[in-house]
Amino acid sequence: MKVEFLIQGSAIEPYKVTFQKTGQHLSAFCTCPAGMNGQYCKHRFSIFRGGTEGIVSNNLNEVKVVIDLLAGTDIEDALIEMGQAEIEAERAKKIIAKAKKKITTLMHS
Ligand SMILES: [Zn+2]
């Protein structure tokens, strides 16, 4: 099962994002500079999260297919882990902001 999208990024030519599932293994490739270097790129992550931003190919409906392909893969597990870490980071950010406010108030009393 293979799904392809064209995503308009900062280059003139849209990037090609390919998802391919073989058995329980899901691969995702992107032709953007980061993707070609085997590094994190927002294009694949965005689609994994159901995002349609920048997609210029005529298959927005296939984002749902990718979500289905994700089910039961090690990538899904890692994405869930990342999502939980993001929630924790958000919580920590709020605690830090509150502490800064408190310290500032204390310094002025
Ligand atoms: Zn990319």
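Which residue in β2 is the bridge partner of F5? In this predicted model, the bridge partner of F5 in β2 is V17. That pair offers a way into the sheet, from which the description moves to the helices and then to the domains.

The sheet is open and consists of three strands in the order β1-β2-β3, with antiparallel pairing. Its edge strands are β1, residues 2–7, and β3, residues 25–30, each of which pairs on one side only. From one strand to the next the twist averages 10°. In a regular strand the side chains alternate between the two faces of the sheet.

The pairing can be followed residue by residue. Strand β2 covers residues 15–22, runs antiparallel to β1 and is joined to β1 by six bridges. Besides the pair of F5 and V17, I7 stands opposite Y15 in β2. On the other side, β2 pairs with β3, again in the antiparallel sense and over six bridges. Here V17 has C30 of β3 as its bridge partner. V17 thus has a bridge partner in β1, namely F5, and another in β3, namely C30. The connection between β2 and β3 is a hairpin with two residues between the strands. In this turn, G23 has a positive phi of about 60°.

A helix is placed against this sheet. Helix α3, residues 63–70, lies across β1, β2 and β3. Its direction is at about 40° to that of β2.

Helix α4 comprises residues 74–107. At 1.5 Å a residue, its 34 residues should span 50 Å, and the end C-alpha atoms are 49 Å apart, which agrees. The number of buried residues among these 34 is zero, so α4 lies largely in the open. An α-helix has 3.6 residues a turn, so residues three or four places apart point the same way.

K101 illustrates the setting of this helix. The residue belongs to α4 and is exposed, because 10 other C-beta atoms lie within 10 Å, where a count of 12 or fewer qualifies as exposed. K101 can also be related to K21, a residue of β2. The two are 80 residues apart in sequence, and their C-alpha atoms are 49 Å apart in space.

What are the two domains into which the protein is divided? Domain 1 comprises residues 1–72 and domain 2 comprises residues 75–109. The C-alpha centres of domain 1 and domain 2 lie 30 Å apart.

Notes: Residues are numbered from 1 along each chain as its sequence is written. This is a predicted model: local features need pLDDT of at least 70, side-chain atom pairs count only at pLDDT 80 or more; totals for chains, interfaces and linings use all residues. Two strands pair if DSSP finds at least two bridges between them. Helices (H or I, at least four residues) and strands (E, at least two) are DSSP runs, numbered from the N terminus. Axes are lines fitted to C-alpha atoms, for helices over the stretch in contact, and angles run from 0 to 180 degrees between N-to-C directions. Two residues are in contact if their C-beta atoms, placed from the backbone, lie within 7 Å. A residue is buried if 20 or more other C-beta atoms lie within 10 Å of its own, exposed if 12 or fewer, and partly exposed in between; C-beta atoms are placed from the backbone. The expected span of a helix is 1.5 Å times one less than its number of residues. Domain bounds come from an automatic or database domain assignment.
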